[in-house]
Amino acid sequence: MAHEHREHRGHDEHQHHRHHHGDTDIDWAAMAQHLESQAELFAPLYERAMAWLAEEVTEPGLIVDTGSGPGVVSCLFAETFPGARVVAVDGSEPLLERARARAARLGLADRFTAVTGELPDVLGELDYPADLLWASNSLHHLGDQRAALAAFAERLAPGGTLALLEGGLPARFLPRDIGIGRPGLQARLDVVQEDRFIRMRAELPGSVAETEDWPALLTAAGLKPTRTRSFLLDLPAPVSDRARAHVADTLNRLRESLGDGLDEDDRATLDRLLDPEDEASVHRRKDVFVLKAYTVYTAVRTS
């Protein structure tokens, strides 16, 4: 998977920052550039999350990024914690090839390892337990989330921390009323994405319905919940070319993937928003912004 990661229900167009067996209809290699660009755009958010984690996790020896995708966040961990070895884990070898190349470019290769395999079983290949295990929008790609969290917990060293990024708030790119189509387009897109996410979860192998009370699930996995915090990416208008490209790419993917789930008027509005020749498109309009929140939950293995 790839946190870069990502979003169903606004996650990351899921992009899912992470990519596993249940997502057989997704070509993660083809999405590599999108995942990488998104994670780079979101780097300030991840860096703030890592600074917050560093208050709890001091001098980790091993950091494991589960569902790492092309390794943007994995490399940020290596830079934030210069004494740590970082292992990027993902089910897509093409994505991990990009992760290895990034680590080499940044001079991090001596502390960076990439492991290909399906979560959570692949974690059994780790040489030793992790001091910090980062699971960013990867858990919801696994059918039995409760069992997966227990497996994650087993791979922690005593005193080790599991940092779980799940949920937050859907991204917003445009005002409620954009002057074309019916106001509230993104709210309606959220509804269609939520239905799609529910179907995705139901179709995963071994899918188990679970109340998304993450602290309770972390407790059930034998861990002690410690903190919860949400992190905001706030890129106000006028946005950079990179942010504008992200918005256009994200809306284009939604237009392609949600298809018949949208009514005719909303499809027409999206078509205008995506037409570079249209003055009302996100390629030209001055009111485009990026606003997104992610929530991180931490829990510690006490024994």
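About 12300 Å² of the protein chain is exposed, and carbon and sulfur atoms supply 50% of that area. Keep in mind that this is a predicted model. Turning from the surface to the inside, buried residues account for 55% of the 303 residues in the chain.

As for the overall build, the chain folds into nine helices and seven strands. Its radius of gyration is 19 Å, close to the 19 Å that the globule rule gives for 303 residues, so the chain is as compact as a globular protein of that length. Along the principal axes, the C-alpha atoms fill a box of roughly 55 × 40 × 30 Å.

How far does the predictor trust all this? The average pLDDT of the protein chain is 91, and 91% of the residues score at least 70. The stretch to watch is residues 2-24, where the pLDDT is below 50. Even so, that stretch has 156 contacts in the model beyond near neighbours in sequence.

Now for the aromatic rings. A pair of them is described by the distance of the centres and the angle of the planes. How many aromatic pairs does a search of the whole structure find? It turns up five. Two of them are set out here.

| Pair | Centre to centre | Angle between planes | Geometry |
|---|---|---|---|
| W52 and F231 | 5.5 Å | 65° | edge-to-face |
| F77 and W134 | 5.3 Å | 70° | edge-to-face |

Take W52 and F231 to begin with. W52 sits in helix α2 (residues 43-54) and F231 in strand β6 (residues 224-235), so this pair ties together parts that are 179 residues apart in sequence. Are these two residues buried or exposed? W52 is buried, and F231 is buried too.

The other pair in the table also joins a helix and a strand: F77 belongs to helix α3 (residues 72-80) and W134 to strand β4 (residues 130-136), so the parts being tied together are 57 residues apart in sequence. Why do F77 and W134 count as edge-to-face? Their planes stand at 70°, and anything over 60 degrees goes into that class. Both partners are out of reach of the surface by the numbers: F77 is buried with a relative accessible area of 0%, while W134 is buried with a value of 1%.

Elsewhere, the rings gather into a group rather than a lone couple: ring pairs link F42, Y46 and Y294 into a cluster.

Methods: Residues numbered from 1 in each chain as written. Predicted model: local features only at pLDDT ≥ 70, side-chain atom pairs only at ≥ 80, totals over all residues. Heavy atoms only, no water. Phe/Tyr/Trp six-rings, centres within 6.5 Å; stacked < 30°, edge-to-face > 60°. Helix = DSSP H or I, 4+ residues; strand = E, 2+ residues; numbered from the N terminus. Buried < 20%, exposed > 50% of the residue type's maximum accessible area, 1.4 Å probe, protein only. pLDDT = per-residue confidence, 0-100. Contact = heavy atoms within 4.5 Å. Rg over C-alpha atoms; globule rule 2.2 N^0.38 Å. Areas by Shrake-Rupley, 256 points an atom, 1.4 Å probe, with all protein chains shown as cover.
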